[in-house]
Amino acid sequence: AYIQTLSNEEKLAYMRIFCRLIKADGSIDSEEINFLKMVAVRYGVDNATIVGIIKSADMIDCMVEARRIVGRQHALELIKELCVLANIDDDLHDNELDIIIDVARVMGVEDDKVILINRWVLDSLILQKTGDVIMERNNG
């Protein structure tokens, strides 16, 4: 859907911000790496590019990258993806939240909108986990 409307520059900006967010809490877990790989495939970004982004993650300026995002819909989608990524390890770290809020503000997304998007993402994750339990998928 929205991915087809992203420019190559926007896709790379998304990936750079994701990498920065992953490193924000000081630890990188397998779920975060899996998220990156999945998104890279969805965006059509090759492994070499991803590895390069990961290696330079400490140098990435999220504010500069956020300014590359064109249009409100792309900004909202980025915030949603960042919320998913930040909550993937069941622990929304303060540093992660700071990055999401700063990126949102640069793109003109209101703080209360970020809170609503994050709540929706959390509700979706809870529903997914509930569904897995009900349907007896990977019991745990």
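1. In helix α5, the buried residues (buried meaning under 20% relative accessible area, exposed over 50% and partly exposed in between, with a 1.4 Å probe and protein chains only) are His-74, Ala-75, Leu-76, Glu-77, Leu-78, Ile-79, Glu-81, Leu-82, Cys-83, Leu-85, Ala-86 and Asn-87. The helix is thus mostly covered, twelve of its 16 residues being buried. Helices here are DSSP runs of H or I with at least four residues, and strands runs of E with at least two, numbered from the N terminus.

2. The model is a predicted one, in which local features need pLDDT of at least 70 and side-chain atom pairs count only at pLDDT 80 or more, while totals for chains, interfaces and linings use all residues. Residues are numbered from 1 along each chain as its sequence is written, and side-chain values use heavy atoms, with hydrogens and water left out.

3. The cover over the buried residues of α5 includes α1 (8–24), α2 (30–43), α6 (94–106) and α7 (111–134), where contact means heavy atoms within 4.5 Å. As to its length, α5 covers residues 72–87 and, at 1.5 Å a residue, its 16 residues should span 22 Å, which agrees with the 23 Å between its end C-alpha atoms; the expected span is 1.5 Å times one less than the number of residues.

4. Helices α5 and α6 pack at an angle of about 180 degrees, and their axes are 10 Å apart. That makes α5 roughly antiparallel to α6, on a scale in which angles under 35 degrees count as roughly parallel, over 145 as roughly antiparallel, 65 to 115 as roughly perpendicular and the rest as oblique. The axes are lines fitted to C-alpha atoms, for helices over the stretch in contact, and the angles run from 0 to 180 degrees between N-to-C directions.

5. On the α5 side of this packing, Leu-78, Ile-79, Leu-82, Cys-83 and Ala-86 meet Glu-96, Ile-100, Val-103 and Ala-104 of α6. The residues of this contact divide into eight nonpolar, no polar and one charged, with Ala, Val, Leu, Ile, Met, Phe, Trp, Tyr, Cys and Pro counted as nonpolar, Asp, Glu, Lys and Arg as charged, and the others, Gly among them, as polar.

6. Helix α7 also has the span expected of it, since its 24 residues should cover 34 Å at 1.5 Å a residue and its end C-alpha atoms are 35 Å apart. Its buried residues are Val-114, Ile-117, Asn-118, Val-121 and Asp-132, and what covers them includes α5 and α6.

7. The segment after α7 contains Glu-136, a residue that deserves a look at its backbone. Its phi is near 55 degrees, a positive value in a residue other than glycine. At 63% relative accessibility, Glu-136 counts as exposed.

8. A search of the whole structure finds nine salt bridges, each being a side-chain nitrogen of Lys or Arg within 4 Å of a carboxyl oxygen of Asp or Glu. One of them joins the side chains of Arg-16 and Glu-65, at 3.0 Å from N to O. Arg-16 lies in helix α1 and Glu-65 in helix α4 (residues 62–66), so the pair ties together parts that are 49 residues apart in sequence. Arg-16 is partly exposed, with a relative accessible area of 23%, whereas Glu-65 is buried, at 6%. Leaving aside neighbours within four places in sequence, Glu-65 is in contact with Ala-13, Arg-16, Ile-17 and Ile-60.

9. A further salt bridge links Lys-23 with Asp-58, whose closest N and O atoms are 3.4 Å apart. Lys-23 belongs to helix α1 and Asp-58 to the loop between α3 (47–55) and α4, so this pair ties together parts that are 35 residues apart in sequence. Lys-23 counts as partly exposed at 29% relative accessibility, and Asp-58 as exposed at 53%.

10. The side chains of Arg-42 and Glu-81 also meet in a salt bridge, at 2.5 Å from N to O. This pair links distant parts of the chain, with Arg-42 in helix α2 and Glu-81 in helix α5, 39 residues apart. Arg-42 is partly exposed, with a relative accessible area of 37%, whereas Glu-81 counts as buried at 5% relative accessibility. Elsewhere, salt bridges that share partners join Glu-9, Arg-16, Glu-65 and Arg-68 into one network.
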